[in-house]
Structure formats: structure tokens, C-alpha cells
Amino acid sequence: MSGPGKPLPDPDDPLTAPFWSASKESKLVVQKCGSCGYLRWPPGTLCPECQSVDADWVEIDATGELYSYATYHRALDKAFADDIPYTVGLVQLDSGPRMLGTVLNSIDELAIGSRVRGVFDPVAPDVTMVRWEQVSGD
């Protein structure tokens, strides 16, 4: 789901740059509150638990459980028309936060509660997307 003409995130955005830098190295990172230790995604300037502005980025395992998903049969942006149908999943990460991302499996293979792992997909020189793949046998 990448290619010419598709919108891409800004890897230099100060709020998300550490995420994009880590994903280029096939690492999954999230913010960790420096005051209460809460792991959060998406990143923010304040901790939603204690309102602290102190945060660091920590590496976590790119594994979790498929919490929910939706399959798109119509492109809301014409840049994605060739990708139809595609599935976006909400993954409950083993480390705590939930993360959205494209699911690589076909809709016929998916099951809520199944184990998934992150797959790092370099879509541009500065952007590596995290996709999700159901792990067979779990």
C-alpha cells in the first residue's frame, strides 16, 4: 500500500520523528511517561494519565492481538484505489498501547483475538510503515 502519489507521513515532524527513525531500523517504539511510566500511542505532548510533559521513547516488541479490523472496499482517497480491498486493524500490543495499521492477511484469514506481529515496510527512503500480519498457528 505504498507508491508514487500516495500521502506519506512527515518523518521530520518533531512529535513523531523518533518513531519513524526507529521504524527504519525495524524497531517499534512508543512514548513512555517519565513521571508515571505509562506507555502511550499515539504520541502526545502530555501524558494522558498524569499530565506530565516528561517523556522518552522506548522500544517494545512488535507483537500483539488483533482487537478489531475493518476492510475497505471503496477508496476514500483515489491514491488508494488500486489497493482495494484493504484491511486496517487495531492491534492490542503486548506492551499495553493499541496501534492502528494495515493488515497484510486476506479478510478470509482474519480472526479477532488472533496473534499478530509487526512487519516493517520501507515505502520511501525516509518512511518505513509498520504493517500487521497474523501469526499462523497461534
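**Figure 1. Order of helix and strands along the protein chain.** From the N terminus on, the elements of this predicted model follow the order α-β-β-β-β-β-β-β-β, which amounts to one helix and eight strands in the protein chain. The radius of gyration is 16 Å, close to the 14 Å that the globule rule gives for 138 residues, and the chain is therefore as compact as a globular protein of that length. Taken along the principal axes, the box filled by the C-alpha atoms is roughly 45 × 35 × 25 Å. Of the 138 residues in the protein chain, 33% count as buried.

**Figure 2. The salt bridge between D83 and K6.** The structure holds five salt bridges, and one of them joins the side chains of D83 and K6, with a distance of 2.4 Å from N to O. D83 belongs to the loop between β4 (63-72) and β5 (86-93), whereas K6 belongs to the segment before α1, so the pair ties together parts of the chain that are 77 residues apart in sequence. Both partners, D83 and K6, are buried.

**Figure 3. The salt bridge between R117 and E133.** In this view the side chains of R117 and E133 meet in a salt bridge, again described by its N to O distance, which is 2.4 Å. The pair links distant parts of the chain, since R117 is found in strand β7 (residues 115-124) and E133 in strand β8 (residues 127-134), 16 residues apart. R117 has a relative accessibility of 40% and therefore counts as partly exposed; E133, with a relative accessible area of 24%, is partly exposed as well.

**Figure 4. The salt bridge between D121 and R131.** Strands β7 and β8 also carry the partners of this salt bridge, in which the closest N and O atoms of D121 and R131 are 3.1 Å apart. Because D121 lies in strand β7 and R131 in strand β8, the pair ties together parts that are ten residues apart in sequence. The two partners fall into separate classes of burial, as D121 counts as partly exposed at 22% relative accessibility, whereas R131 counts as buried at 5%. The cut-off that divides them is 20% relative accessible area, under which a residue is called buried.

**Figure 5. W132 in strand β8.** The tryptophan W132 lies in strand β8, and its relative accessible area of 0% places W132 among the buried residues. For orientation, W132 and A79 are 53 residues apart in sequence, and their C-alpha atoms are 21 Å apart in space.

**Figure 6. A patch of negative charge on the surface.** Four aspartates, D10, D12, D13 and D126, gather on the surface in a patch of negative charge. One of them, D13, is placed in the segment before α1 (17-24). With a relative accessibility of 31%, D13 counts as partly exposed, and D13 can be part of the patch because patches are made of residues with over 30% relative accessible area and no salt bridge.

**Figure 7. Two cis peptide bonds that precede proline.** Most peptide bonds are trans, but the bond from W41 to P42 is cis, with omega near 5 degrees. P42 is part of the loop between β2 (39-40) and β3 (55-60). A further cis peptide bond runs from I84 to P85, here with omega near -10 degrees, and P85 has its place in the loop between β4 and β5. That loop between β4 and β5 also contains D83, the aspartate that is joined to K6 by a salt bridge.

**Figure 8. Positive phi values at S26 and Q51.** Most residues other than glycine have a negative phi. S26, although it is not a glycine, has a positive phi of about 60 degrees, and S26 lies in the loop between α1 and β1 (28-33). With a relative accessible area of 48%, S26 is partly exposed. Q51 is likewise a residue other than glycine with a positive value, its phi being near 70 degrees. Q51 is located in the loop between β2 and β3, the loop that also holds P42, and Q51 is partly exposed, with a relative accessible area of 49%.

Note on methods. Residues numbered from 1 in each chain as written. Predicted model: local features only at pLDDT ≥ 70, side-chain atom pairs only at ≥ 80, totals over all residues. Heavy atoms only, no water. Patch = residues over 30% accessible without salt bridge, like charges linked within 9 Å, V, L, I, M, F, W, Y side chains within 5 Å. Areas by Shrake-Rupley, 256 points an atom, 1.4 Å probe, with all protein chains shown as cover. Lys, Arg positive; Asp, Glu negative; His and termini not counted. Charge placed at Lys NZ, Arg CZ, Asp CG, Glu CD. Helix = DSSP H or I, 4+ residues; strand = E, 2+ residues; numbered from the N terminus. Buried < 20%, exposed > 50% of the residue type's maximum accessible area, 1.4 Å probe, protein only. Rg over C-alpha atoms; globule rule 2.2 N^0.38 Å.
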